[in-house]
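Me: I have not seen this structure before. Please show me how to read its helices, and then a charged residue.

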Amino acid sequence: MANISDGRLAGKMALVTGAAQGLGLAIARSFLEAGATVALTDVNEQVSAVARELDPTGKRASGYVLDVRSESAWTAVYDKVGAALGPIDILVNNAAMTISKSVWDIPADEWDDVMAVNLRGVFFGCRVAGRHMRERGKGRIINLSSLAGQRGGVVAGAHYSASKAGIIVLTKCFAQELAGKGVTVNAIAPAAIEGPMTKEMPAEKVQGLAKTIPVGRLGSDTEVGAAAVYLAADDAGFVTGATLDVNGGVFMR
Ligand SMILES: NC(=O)c1ccc[n+]([C@@H]2O[C@H](COP(=O)([O-])OP(=O)(O)OC[C@H]3O[C@@H](n4cnc5c(N)ncnc54)[C@H](O)[C@@H]3O)[C@@H](O)[C@H]2O)c1
């Protein structure tokens with residue numbers, strides 16, 4: 001992949017969900033580096049402070065509270081961001097609840113909560129953005145799936161894995177709807193990315209995990225960010241309905 005600091009997303013406006021931390025924040029950083037203006041959104045109100053840290057001027061990064069479970073919240077924030085920063089060219093549906101639990105122990109309300117955030121939230125995001133982008137005749141939607149959604153979770157719970165599998169087909173549904181309108185819809189399926197969870201793990205455990213990965217190491221959040229920049233750029237216009245695996249070769253199709 002080419003250097004992302006090449007201004008590939010200059011003049012583009014992006015909205016990222018679940019961007020107060022983790023991969024959402026890393027993707028927002030990569031987009032900024034590639035020249036885009038970014039609206040960081042999250043259910044966590046800290047997102048405004050996080051955005052200010054990225055860009056104290058507020059000209060290229062700003063934070064908005066958005067709970068992805070609500071379609072009316074989506075519409076309100078989409079309109080607000082559009083009025084403040086201009087029409088949205090790129091949407092990244094990243095927000096998620098990650099819960100590890102045995103299939104035997106998942107309570108019904110927890111199943112519903114995970115589906116509401118991870119799958120319904122992505123459905124609403126694609127629908128709200130899709131309508132606007134369809135009208136403009138251009139746009140990019142990127143949905144965060146997971147290795148767990150491709151082969152079932154070992155660590156992640158069945159609710160999480162099922163929601164991530166659902167995202168792959170939802171991506172195809174919206175890709176088919178929007179393919180003729182200049183809008184692409186793709187998924188990224190990461191696995192074993194270094195982050196707060198792996199930093200807390202004992203070094204031997206991380207090394208053991210790395211040995212199970214063909215490339216011999218864990219992935220980095222900047223590698224996920226670079227994948228998002230690739231899919232968001234104009235020259236990825238012939239890629240739609242795809243799932244880009246960022247997994248070090250753990251799962252090959
Ligand atoms: N980190 C990994 O190794 C990994 C691997 C595979 C897939 N993924 C996927 O990447 C994405 C990000 O993962 P992460 O590890 O950075 O997660 P994370 O838990 O660190 O961050 C998730 C963010 O989503 C936000 N969020 C939760 N509920 C929300 C809601 N209702 N509305 C809006 N925002 C909400 C949280 O506040 C948080 O900021 C997820 O979709 C996850 O499934 C991550």
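**Reading helix faces**

Reply: This is a predicted model. Start with helix H2 (residues 47–54), where the buried residues are Val47, Val50 and Ala51. Those residues sit on the same side of H2, because they cover an arc of only 100° around the axis.

Me: Why do residues three or four places apart point the same way in an α-helix?

Reply: An α-helix has 3.6 residues a turn, so residues with that spacing share a direction. In H2, the face turned away from the buried side carries the exposed residues Arg52 and Glu53. The cover over the buried residues of H2 includes helix H1 (22–33), S2 and strand S3 (61–65).

Me: Which residues of H3 are buried?

Reply: Trp74, Val77, Tyr78 and Val81 are the buried ones in H3. They line one face of the helix, since seen down the axis of H3 they fall within an arc of 105°. Ser72, Lys80 and Ala83 are exposed on the other side of H3. The buried residues of H3 pack against strand S1 (13–16), S2, S3, strand S4 (90–93) and helix H4 (108–136). Just after H3, glycine 86 has a positive phi of about 105°.

Me: Now the charged residue. How far from aspartate 42 is the nearest side chain of opposite charge?

Reply: A salt bridge needs the charged atoms within 4 Å. Aspartate 42, in strand S2 (residues 37–42), is buried and has no salt bridge; arginine 69, the nearest side chain of opposite charge, is 9.8 Å away. A polar atom of the aspartate 42 side chain does lie 2.9 Å from the backbone nitrogen of asparagine 44. Beyond four places in sequence, the contacts of aspartate 42 include Val47, Tyr64 and Val65.

Technical notes
Residues are numbered from 1 along each chain as its sequence is written. This is a predicted model: local features need pLDDT of at least 70, side-chain atom pairs count only at pLDDT 80 or more; totals for chains, interfaces and linings use all residues. Side-chain values use heavy atoms; hydrogens and water are left out. Helices (H or I, at least four residues) and strands (E, at least two) are DSSP runs, numbered from the N terminus. Buried means under 20% relative accessible area, exposed over 50%, partly exposed in between (1.4 Å probe, protein chains only). Lys and Arg count as positive and Asp and Glu as negative; His and the chain ends are not counted. A polar contact is a pair of N or O atoms within 3.5 Å; within protein, one must be able to donate a hydrogen and the other to accept it, and residues adjacent in sequence count only if both atoms are side-chain atoms. Contact means heavy atoms within 4.5 Å. The arc is that of the directions from the helix axis to the C-beta atoms.
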